Number of protein chains: 2
Amino acid sequence: MRVLITGVSGFVGFRLAKFLVSQGHQVAGTFLRDRPLLDDVELFDVDLLDVNLLVETVCRVEPEAVVHLAGLSHVGESWSRPADYFRVNVLGSENLVRAASGARLLVASSAEVYGFVPEDEQPISEARIVAPQSPYSLTKAAMERMVLAAGGLVVRSFNILGPGQAQSFALPAFARQLVAITRNEQQAVLKVGNLTARRDFVHVDDAVGGFELLMREGEPGSCYNLGSGTAFSIQETLGHLIRLSGVVTEIEEDPARFRPVDVPLLLADNGRLAALGWTMEKDLNDALQDLWQSTVALAAGVPGIHISTSV
Amino acid sequence: MRVLITGVSGFVGFRLAKFLVSQGHQVAGTFLRDRPLLDDVELFDVDLLDVNLLVETVCRVEPEAVVHLAGLSHVGESWSRPADYFRVNVLGSENLVRAASGARLLVASSAEVYGFVPEDEQPISEARIVAPQSPYSLTKAAMERMVLAAGGLVVRSFNILGPGQAQSFALPAFARQLVAITRNEQQAVLKVGNLTARRDFVHVDDAVGGFELLMREGEPGSCYNLGSGTAFSIQETLGHLIRLSGVVTEIEEDPARFRPVDVPLLLADNGRLAALGWTMEKDLNDALQDLWQSTVALAAGVPGIHISTSV
């Protein structure tokens, strides 16, 4: 298929572009400012808020499918920049929905739209009514309504993990600190936020497989959870990462790393996606190993390591 | 015209219904739980989240115009109930837009969607890109997009003031405290929040006139500011109310009355509405007098005083 990816320099976009190329798709991508190193991908520097340029780009690419990954994605940051989150995630997505009419449209939303869900009502199915709790999730929930009304597909990602995620997210930030400790660039004190939250992690490569599958086979105008179906606390996950790293460190709570609202548990019912044939080939251990190795390589100055600069 | 008002028991809805009846319109209204005392208005107890009942109601009324005022409207409260604000203001409005397709649609939004606007860029025109700062304004801004896409009209109300507003809002709350002081039910200490914010107040009767005019003459798929074009600080406005009341009182800041985010100034450019022939017949003094008298009458148990129970 001829596919346009928005946010192709991002964590998921970059790996999705590579995977789609490997599968024989013809791939174009938009990025903002930071041009990614992607051979075989036609690249366009486009701000989603620039309607004219966006329309022009879509007209040039003539995509059969559009995978919309661009956006502001940091829950914590959204509390201090709600207007930016609204503009990019809602107005930007609205521009894209209009520009891309005619193509199959797949957009990345987030499990955060579910909000506080009692434990005995988890795993969470797509039929559950949303209850967004943060400015970020309010913008994602609003975007979803627009996309569904236009017949697009919504992918509610749970916690995607692996190499290349921006270091403003919890586990990449921990990995970076651990690397700094091994390199004696930081005292052996790891700064952490809320470790009690439990999250459903999925390896970025399995996530990318889900996006590709949904792009081809997903039902228009509907939502799909993208998660593993298993939850781990941030505490357990961090413990695992520390063991992998071999680092001996103290752990210290840093109030600045706590969010105003933090949902205790988000666990996916991935039955809808599995029914299309999606399977996972990697587990949390793989994701943490890949994250660790890419973080070590980045710090060592190994060339060609892609880290998303988005937040 | 045959008109359906949602939120007919609210502050604006109640007076709009009376005004429309006086102008010869045929009026129906929806309310939630608290049935208002409105003769000559066909009343329906409908939750906007109950799609089936909503569709059934619209089919029974067969309105030529729908004025959508129902919703959660308290900026401060939205920080602690974002999911409720999303459901009612976004999902509820989406249900209404669908149910009412075919009728002229007018929806109440808020100047809060403009966010922080530098003083030298005020008064604010409708062409300004929105920058919502609170969960409340995020939901209103999202609702606007949906309504505009469906060809509806958006009314961005600045601060509507007058008799009947719920006592959770600043000036009605001050009036209630002042009445309590005159009745020796409260010590002569008035609790206040941020008094430095400057707002554009419009009398509810002039606001109602604006809604009626837009219902008939407004341009579909566009936004209209509804404000006086003059701003007063909450401090000045409160001083005026205190003088009117004749009460001698201390003033004390109450941290619970401060909002996490409070925009310093919101001042309307009302040129678009004025160009349709809208004029104001009342000023801030009238609004405060009417507010004061209705608050005194309510406390004295005078029957027939309508106070919105919404927040």
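This report walks through the fold of chain A, its contact with chain B, and a few backbone details worth a look.

**Overall picture**

Please keep in mind that the model is predicted. Chain A holds 10 helices and 14 strands. Its radius of gyration is 19 Å, close to the 19 Å that the globule rule gives for 311 residues, so chain A is as compact as a globular protein of that length. Measured out along the principal axes, the C-alpha trace of chain A spans about 55 × 45 × 40 Å.

Buried residues account for 50% of the 311 residues in chain A. If you look at contacts in chain A with a separation of 6 or more, 80% of them come from residues 24 or more positions apart.

**How the two chains meet**

Chain A and chain B each bring 16 residues to their contact. On the side of chain A that touches chain B, the elements giving two or more residues are helix 4 (82-99) and helix 5 (135-149). Helix 5 of chain A gives the most, with seven residues. By type, this side of chain A divides into 11 nonpolar, three polar and two charged residues.

How are the two copies related? A rotation of 180 degrees, with 0.0 Å of shift along its axis, superposes chain A on chain B with an RMSD of 0.0 Å. The two copies are thus related as by a two-fold rotation axis. The same surface serves both of them, as 100% of the contact residues of chain A recur in chain B.

**A helix pair inside chain A**

Helix 4 of chain A, which gives residues to the side touching chain B, also packs against helix 2 (residues 51-61) of chain A. The angle between helix 2 and helix 4 is about 35 degrees, and their axes are 9 Å apart. Their crossing is right-handed. From helix 2 of chain A, the contact is made by A:Val51, A:Leu54, A:Val55 and A:Val58, and from helix 4 of chain A by A:Asn95, A:Leu96 and A:Ala99. These residues divide into six nonpolar, one polar and no charged.

Following chain A onward, you reach A:Gly102 in the loop between helix 4 and strand 5 (104-110). Is A:Gly102 buried or exposed? A:Gly102 is exposed, with 11 other C-beta atoms within 10 Å, and the cut-off for exposed is 12 or fewer. A:Gly102 and A:His306 are 204 residues apart in sequence and 32 Å apart in space, C-alpha to C-alpha.

**Backbone details to check**

Most residues other than glycine have a negative phi, and most peptide bonds are trans. The table lists some departures from that pattern.

| Site | Backbone feature | Value |
|---|---|---|
| A:Gln122 and A:Pro123 | cis peptide bond | omega about 0 degrees |
| B:Gln122 and B:Pro123 | cis peptide bond | omega about 0 degrees |
| B:Asp40 | positive phi | near 65 degrees |
| B:Asn184 | positive phi | near 55 degrees |

A:Pro123 sits in the loop between strand 5 and helix 5 of chain A, and B:Pro123 sits in the loop between strand 5 (104-110) and helix 5 (135-149) of chain B.

Where do the positive phi values fall? B:Asp40 lies in the loop between strand 2 (26-31) and strand 3 (41-45) of chain B, and B:Asp40 counts as exposed, with 11 C-beta neighbours inside 10 Å. B:Asn184 lies in the loop between helix 6 (170-182) and strand 8 (189-192) of chain B. With 8 C-beta neighbours inside 10 Å, B:Asn184 counts as exposed.

Note on methods
Residues numbered from 1 in each chain as written. Chains lettered and ligands numbered in written order. Predicted model: local features only at pLDDT ≥ 70, side-chain atom pairs only at ≥ 80, totals over all residues. Helix = DSSP H or I, 4+ residues; strand = E, 2+ residues; numbered from the N terminus. Rg over C-alpha atoms; globule rule 2.2 N^0.38 Å. Buried ≥ 20, exposed ≤ 12 C-beta atoms within 10 Å, placed from the backbone. Contact = placed C-beta atoms within 7 Å. Nonpolar A, V, L, I, M, F, W, Y, C, P; charged D, E, K, R; others polar. Axes fitted to C-alpha atoms, helices over the stretch in contact; angles between N-to-C directions. Left-handed = near helix turned anticlockwise from the far one by under 90°. Least-squares fit on C-alpha atoms with pLDDT ≥ 70 in both.
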